[in-house]
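Here are a few friendly notes to read alongside the model. Please keep the structure open as you go through them.

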Amino acid sequence: QVQLVESGGGLVQAGGSLRVSCAASGGTFSTYAMGWFRQAPGKEREFVAVISRSGGSTSYADSVKGRFTISRDNAKNTVYLQMNTLKPEDTAVYYCAAQRIGVTRYDYWGQGTQVTVSS
């Protein structure tokens, strides 16, 4: 069983930057691909970014491409999401999730961290 705990959310002005982190415990972190998702009020949860087990491959939603960067430190069991040039529409609860080898679903989710971007 993997436990995921996000941190680093907060309030930032439009155009600013923020880095959120997700610390994992209870499993072998390097065996999971890690994803970031977000959910804004009244909207469905949406994919933001994913990083492979080694960190050598990443993918992003079109809405964040060029502004957000996902990275991971397997020695620290942590995945990060660096968010630059933030926009009010980036306001959401951000969740990290872990994906086991050989499956497409994400089996483990964190509790989320709130990111609010003011205009």
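The points below go from the overall fold to the core and then to two loop residues.

1. A word first on what you are looking at: this is a predicted model. The chain has 11 strands and 0 helices, so its radius of gyration of 13 Å may be read next: that value is close to the 14 Å given by the globule rule for 119 residues, and the chain is therefore as compact as a globular protein of that length.

2. Along the principal axes, the C-alpha atoms fill a box of roughly 40 × 25 × 25 Å. Of the 119 residues, 44% count as buried. Among contacts with a separation of 6 or more, 53% are between residues 24 or more positions apart.

3. Now to the inside. The largest nonpolar core has 31 residues, and Leu4, Met34, Trp36, Val79, Leu81, Met83 and Tyr94 touch the most other members. Strands E3, E4, E5, E7, E8, E9 and E11 each give two or more residues to this core. In soluble globular proteins, nonpolar side chains tend to be buried together.

4. Tyrosine 94 is worth a look. Beyond its neighbours within four places in sequence, its contacts include Trp36, Val48, Leu81, Met83 and Val115, and Glu6 and Arg38 are also among them.

5. Two loop residues deserve a check of their backbone. Asparagine 77, in the loop between E7 and E8, has a positive phi of about 55° although it is not a glycine. Threonine 85, in the loop between E8 and E9, also has a positive phi, near 45°.

6. Are these two buried or exposed? Asparagine 77 is partly exposed, at 26% relative accessible area, and threonine 85 is partly exposed too, at 45%.

Notes:
Residues numbered from 1 in each chain as written. Predicted model: local features only at pLDDT ≥ 70, side-chain atom pairs only at ≥ 80, totals over all residues. Heavy atoms only, no water. Helix = DSSP H or I, 4+ residues; strand = E, 2+ residues; numbered from the N terminus. Buried < 20%, exposed > 50% of the residue type's maximum accessible area, 1.4 Å probe, protein only. Core = buried A, V, L, I, M, F, W, Y, C linked by side-chain atoms within 4.5 Å. Contact = heavy atoms within 4.5 Å. Rg over C-alpha atoms; globule rule 2.2 N^0.38 Å.
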